[in-house]
Amino acid sequence: MIVKEGTLWTDSYSNKFRVLHVVTDDENNVWVHYRKELKGYDQREASEYSCYEESFLERFHELPFLVSVAYQVNPDVVLL
């Protein structure tokens with residue numbers, strides 16, 4: 001598996017998404033379950049999504065570790 005749980009990813013519009021779970025089904029398909037990070041909102045209100053890992057990797061790219069940590073501390077300071 002390439003995608004790891006808890007990592008932060010971004011799309012081409014700089015929206016940020018957190019990986020919640022990575023699951024392999026009975027047919028060896030890898031599913032990624034993720035949620036859009038909502039700045040200033042309760043994350044429980046955010047929609048959750050899922051797709052195959054291959055599709056996820058086509059849509060998103062992982063934020064570097066230090067950017068991810070900085071975003072968790074203060075989402076307003078990270079400009080991507």
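Me: Why is S14 called partly exposed rather than buried or exposed?

Reply: In this predicted model, S14 has a relative accessibility of 29%. Buried requires a value under 20% and exposed a value over 50%. S14 meets neither condition, so partly exposed is the class that remains. The residue lies in the loop between β1 and β2.

Me: What makes the backbone of S14 worth a remark?

Reply: Its phi is near 65 degrees, which is a positive value in a residue other than glycine. N28 likewise has a positive phi near 65 degrees and is not a glycine.

Me: Where is N28 found, and why is N28 called exposed?

Reply: N28 is found in the loop between β2 and β3. These strands form a hairpin with five residues between them. The relative accessible area of N28 is 64%; the class exposed begins over 50%, and N28 therefore belongs to it.

Me: How do you know that β2 and β3 pair?

Reply: Strand β2 (residues 16-24) and strand β3 (residues 30-36) are joined by seven bridges in the antiparallel sense. Pairing needs at least two bridges, so the condition is met. Within this pairing, T24 stands opposite V30, and F17 stands opposite K36.

Me: What makes β3 and β4 a pair as well?

Reply: Here there are five bridges, again antiparallel. As at least two are required, β3 and β4 qualify, because five satisfies that condition. W31 in this arrangement stands opposite Y52 in β4.

Me: Which strand order does the sheet have, and why are β4 and β5 said to stand at the edges?

Reply: The open sheet has five strands in the order β4-β3-β2-β1-β5, with antiparallel pairing. β4 (48-52) and β5 (61-62) each have a single partner strand, so one side of each has no neighbour in the sheet. Along the chain, from the N terminus, the elements run β-β-β-β-α-β-α, which amounts to two helices and five strands.

Me: How many aromatic pairs are there, and why is the pair of W9 and F56 called edge-to-face?

Reply: The count comes to eight aromatic pairs. For W9 and F56, the ring centres lie 5.0 Å apart and the planes are at 75 degrees. A pair requires centres within 6.5 Å, and edge-to-face requires planes over 60 degrees apart, so both conditions hold. W9 belongs to strand β1 (residues 8-10) and F56 to helix α1 (residues 53-59), so the pair ties together parts that are 47 residues apart in sequence.

Me: How do you know that W9 and F56 are buried?

Reply: The relative accessible area of W9 is 3%, and the relative accessibility of F56 is 0%. Buried means under 20%, so W9 and F56 both count as buried.

Me: Why is the pair of F56 and F60 called tilted?

Reply: The centres of F56 and F60 are 4.7 Å apart and the planes are at 45 degrees. Stacked would need under 30 degrees and edge-to-face over 60, so the pair falls to the remaining class, tilted. F60 is buried, as is F56. Both residues belong to one aromatic cluster with W9, F17, Y34 and Y49.

Me: Why is T7 called buried, and what does T7 touch?

Reply: T7 has a relative accessible area of 16%, and the limit is under 20%, so T7 counts as buried. Its place is in the segment before β1. Leaving aside residues up to four places away in sequence, T7 touches F17, R18, V19 and E62.

Me: What makes the approach of T7 to W9 a polar contact?

Reply: The side chains of T7 and W9 make this contact at 2.7 Å. The limit for the N or O atoms is within 3.5 Å, so the distance meets it.

Me: Which residues make up the largest nonpolar core?

Reply: The largest nonpolar core has 11 residues: V3, W9, F17, V19, V22, V30, V32, Y34, C51, F56 and F60. β2 and β3 are the elements that give two or more residues to this core. In soluble globular proteins, nonpolar side chains tend to be buried together. One core member, F17, touches residues including T7, W9, Y34 and F60. Of the 80 residues of the protein chain, 34% count as buried.

Key
Residues are numbered from 1 along each chain as its sequence is written. This is a predicted model: local features need pLDDT of at least 70, side-chain atom pairs count only at pLDDT 80 or more; totals for chains, interfaces and linings use all residues. Side-chain values use heavy atoms; hydrogens and water are left out. Helices (H or I, at least four residues) and strands (E, at least two) are DSSP runs, numbered from the N terminus. Buried means under 20% relative accessible area, exposed over 50%, partly exposed in between (1.4 Å probe, protein chains only). Rings of Phe, Tyr and Trp (its six-membered ring) pair if their centres lie within 6.5 Å; planes under 30 degrees apart count as stacked, over 60 as edge-to-face and the rest as tilted. A polar contact is a pair of N or O atoms within 3.5 Å; within protein, one must be able to donate a hydrogen and the other to accept it, and residues adjacent in sequence count only if both atoms are side-chain atoms. Contact means heavy atoms within 4.5 Å. A nonpolar core is a set of buried Ala, Val, Leu, Ile, Met, Phe, Trp, Tyr and Cys residues joined through side-chain atoms within 4.5 Å.
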